[in-house]
Amino acid sequence: MRLHARWPTFVAVVFCIYSWLLLWNAFSSHTQLKVAADVRIVADNVRRAAALADFAVDRLNGTAELADAPEIQSFLVNKALGMSLKYGLNANLEAIEVRFRQQMEKKQVRGEPIYNRILLYDNEGQVLVDLSPGEPISLDKPSREATQLTISAENRQIVAAAPVIYKEEVAGTVVTLGDLGQLSKYLIFSPTGKPYQELLITDKGEDLKIFGQDFGVDRRVAGVLKSLPENQLVSMSEDLLAAASDESIANVGEQIAVRTAVSGMPLSLVTLFSEEYVYGHITSRLYLYLVSVVPLLVLLAAEVYERMSLRAERLQKHVLESDRRSSVLQELNASLSAEIQQREAVERELREKSHQLEEMAGNLKVSVLRAEDASRAKSDFLASMSHEIRTPMNGIMGMTDLALETELTDEQREYLSIVKSSSEGLLTIINDVLDFSKIEAGKLSLESISFDVSGLIATLVKPIALQVHQKELEMVTDVDASVPRQLLGDPGRLRQVLINLLSNAVKFTEKGEILLRVELLYRQGQHATLQFTVSDTGIGIPKEKQEAIFSAFTQEDTSTTRRYGGTGLGLTIASHLLHLMGGTIRVESEVGKGSAFYATVPFEVAPSRNDAPASENLFGKRVLIVDDNRVNRRILARNLVLWGMDVAQAEDGPTALRMHAASVADDKRFDLVLLDYHMPGMDGFEVARRIKESREEPSPVLMMLSSGGARGDADRCRELGIGAYLTKPIAQDELKASLESLLSPTENSAPHDQLITRHSLRENGTSLRILVAEDNLVNQNLMLKLLGKWGHLPTIANNGREAVELWAPDKYDIILMDIQMPEMDGLEATRVIRSSEKKHPEKRTPIYALSAAALPEDQQRGFEAGVDGYLTKPLDRQQLQDVFSRSGFKADVKVRPRYDYRAALRRADPEIVGIIGSAFVDQAPADLAALHEATRLADRETVQRLAHSMKGLVGNFCALPLQQLLDVVERQSRSGMAEISLAEIDGELAELCRCIDTYLKENPSDPSGHVEQAGQFRVSD
């Protein structure tokens, strides 16, 4: 029935399919004919473009052949040998000119030469040879260094350039010029008005109208033709072609264009056709489209007939469906009424629940207030506990340190060492519990101050070094050279994290080594991210427990706590501190092989302080490092090389002795031998003894590095003539100061018979007058003995009132103020002193709080009262010494001795000095004047270039001070011009020129005249 109802559409569809199959064949034939015509036209265009490309290749090959001419190579060889134009070079240029003329006569097309003009440039762009001189040809540097062909539409010329290569470098350029009309033989010229025209368009979008062409287009049309896709037929609009300068192109009807790029030339060949010329023999597609509409009309009529038949059926069905939906709507209305009643019941229940929640919120507020009261009570308790425990702990630990520095029996020293170790362990537990409580309460805060990374590392490893020595371990610190020296952050919290990691490494390592490495992960502007790595060779941590160790009160297992001690809070606190600093911590470990903790922390880079350069006398000194630990050798060698020293390494004593003997035999003696004490087989003292027994003069200076000092070491050093004895790990500054004191002694250096130690390096300050406000008798006694031992003059005040009465302007250099004291506390006393100082602001006395209260709010109250710093009890002696250094120790200003330039010239290469010395003396004043002028104009690029060039020149004369001054100017010019000063450079350069002039007079050059010739050119960097 359904097929019977739709028979008209079925017949119409069959008719349409049959008709469209016939039309499809017709369209396919039409397309194939059009494609064949397109391919033929494009192929013709490509062939003519290829002929033009062959012309370009031939022109470039001819120019390249001229650039490789032996006459040019002979000229370059003679020029490199220093011949002048008068003697030799003119003959070479005449030979080159002859060669060029022969080439012009040889290269002809149809009896006419293809070259109108040939030129030879040197590498500076100066014309050496020019046949048929005319208008100058301008070539930039890239054009002179590459073989290329260009078109000059204005001068109607074809320009080909090829570089002249001498010793793998560009030494000049050969340029040939030809008439643009030579391209006419590759084009097909049809009569005016015919539907076929050819154009040459440059890469700049210009119509290159050549000889014989009587039509053209304007620049806008040429630009459009240049942007056409390559080797594709494109229809052109009548409006565009109407702008053509020749009416024969604009009036030929619809246009089709094809563009082909000419390889090796900055040209495109564009051919224009009329559509009638290309597709006139092909049936129009419009006719085929009109025929294809007929089947659609038949199908449309059949579809209209069928839809009218079906419409009546659908109307009847819609009436039946409407009746059915009416009954369904009645049922839905009934169910909706029931749902509304149910929702009203739910709303009543929600109002009741809301009332209950309001009551619960009120109860919760009361609970929060109670919790806050409990938190304040806890904080008060912690503050009180901290003060009450830290005050006696200060006396215990301080007096124990003083007792250990006196003459004691071995049994007494052992007992006191146990007391000290126990008190330090107790203090660690107190600090951990206090910090953990601050973390829980969210009151742990950070500060942001400038600090020295290397100095921080050097100070924090000193207390741990003793534990390392007692367990006979090796401890190494390695601060990468790329790490910025000055950073902004919280050095105290960073120190706490690293000490915790190092203490754990020492605790869980029985043999081997511990390495603390600091490296720069990445830096962007003033933001730097550092990675602190603490690795050990200890017991290791199982993989499944590596995450748990950062949880509170957690160690690897309970037996670890019993065996090694500790609260289990250290890593938790370290993790929280790193999180507050924006960093992370992770661990890699293998049981039985050791662990490595990686702490990554972001910092801001603080403005760098100009570090004092190493002594000039360290430069070039030969050093032998003797150490069985490869990592130690590598770190020491890197630092010494940075200071300009010549470093050799030996892994044991016998190797060191052989190297020392070889250096004596070769007369290349070592100036310094840096010895490790603890080495297998032959220790450092034995190596030193054998070197002294060799009685070679001059004997090298000896320096001993030890993991820990022992009784009698100082006497053995003096007996063997060892100049310095330092304990590991050694800071860069300490090593540098020791080397300068040993190898370049000054008036302030230690006497030759005095052994240089870490303590002797520090004891160069002056005695300070110190007012100590302290009410505890034990702490008073401790401060009197400790400060007196350090050479200072302490005065004790029993409370704040006595401190105010004793104080007077200029009476004391520094005040150490306890906070909690009877009658008047330290904060009130500080306020009174600061108020009195307002009358004499220039006589302000530094005041440092000395308190057992370590909470942040306690420190904040101290700073608000006017203290300059905050020291917590028990006292950190290193921290206290740093305070004294900032307050009273002023480094003596050392006057640099006049550098001996005459001695430096004797060390320099005499041939180099003879060749460039005279030229340098003549040119130096002009260079210095240019440097002054660039500095005055704040021309950073010129200052940087001149300083770099002069630095390279003075290096030929071993002028180390002047070289360093110019290096400073070069580096300062990169960051700014405000700090640049040329005063020292003026004096040093004048002295160097004077010494060079004297040297040249005392050492005349050989008869060949090298010095005289050197004045003819200027040496540049």
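**Aromatic contacts and nonpolar cores**

In the predicted model, Arg716 lies over the face of Phe685, at 4.0 Å from the ring centre. Phe685 also takes part in an aromatic pair with Tyr677, for which the centre-to-centre distance is 4.8 Å and the angle between the planes is 75°, an edge-to-face arrangement. Both Tyr677 and Phe685 are buried. A further placement of a charge over a ring involves Arg586, whose charged end sits over the ring of Tyr598 at 4.2 Å from its centre.

A search of the whole structure yields two aromatic pairs. Besides that of Tyr677 and Phe685, there is a pair formed by Phe920 and Phe957, whose ring centres are 5.1 Å apart; the planes meet at 55°, so this pair is classed as tilted. Phe920 belongs to helix H28 (residues 910-936), whereas Phe957 is placed in the loop between helix H29 (940-954) and helix H30 (960-975); the pair therefore ties together parts that are 37 residues apart in sequence. Phe920 has a relative accessibility of 7% and so counts as buried. For Phe957 the relative accessible area is 0%, and this residue is likewise buried.

The largest nonpolar core comprises 43 residues, of which Ile457, Leu460, Leu502, Val518, Phe532, Phe597 and Phe603 touch the most other members. Two or more residues of this core are contributed by each of helix H12 (453-470), helix H13 (491-507) and helix H15 (570-580), and by each of strand E13 (474-479), strand E15 (513-524), strand E16 (527-536), strand E17 (584-590) and strand E18 (594-605). When residues up to four places away in sequence are not counted, Leu502 touches Leu460, Val461, Ile464, Met475, Ile514, Leu516 and Val534. Another core, of 33 residues, lies apart from the largest one and includes Val943, Phe957, Val969 and Leu989. Phe957 is thus a member of this core as well as a partner of Phe920 in the tilted pair.

At the level of the whole protein, 32 helices and 28 strands are assigned. The protein has 1021 residues, and 43% of them count as buried. Among contacts between residues at least 6 apart in sequence, 67% join residues at least 24 apart. The exposed area of the protein is about 55300 Å², of which 53% is supplied by carbon and sulfur atoms.

Notes: Residues are numbered from 1 along each chain as its sequence is written. This is a predicted model: local features need pLDDT of at least 70, side-chain atom pairs count only at pLDDT 80 or more; totals for chains, interfaces and linings use all residues. Side-chain values use heavy atoms; hydrogens and water are left out. Rings of Phe, Tyr and Trp (its six-membered ring) pair if their centres lie within 6.5 Å; planes under 30 degrees apart count as stacked, over 60 as edge-to-face and the rest as tilted. Buried means under 20% relative accessible area, exposed over 50%, partly exposed in between (1.4 Å probe, protein chains only). Helices (H or I, at least four residues) and strands (E, at least two) are DSSP runs, numbered from the N terminus. A charge sits over a ring if NZ of Lys or CZ of Arg is within 6 Å of the ring centre and within 35 degrees of the ring normal. A nonpolar core is a set of buried Ala, Val, Leu, Ile, Met, Phe, Trp, Tyr and Cys residues joined through side-chain atoms within 4.5 Å. Contact means heavy atoms within 4.5 Å. Accessible areas come from the Shrake-Rupley method with a 1.4 Å probe; for residues, only the protein chains shown count as cover.
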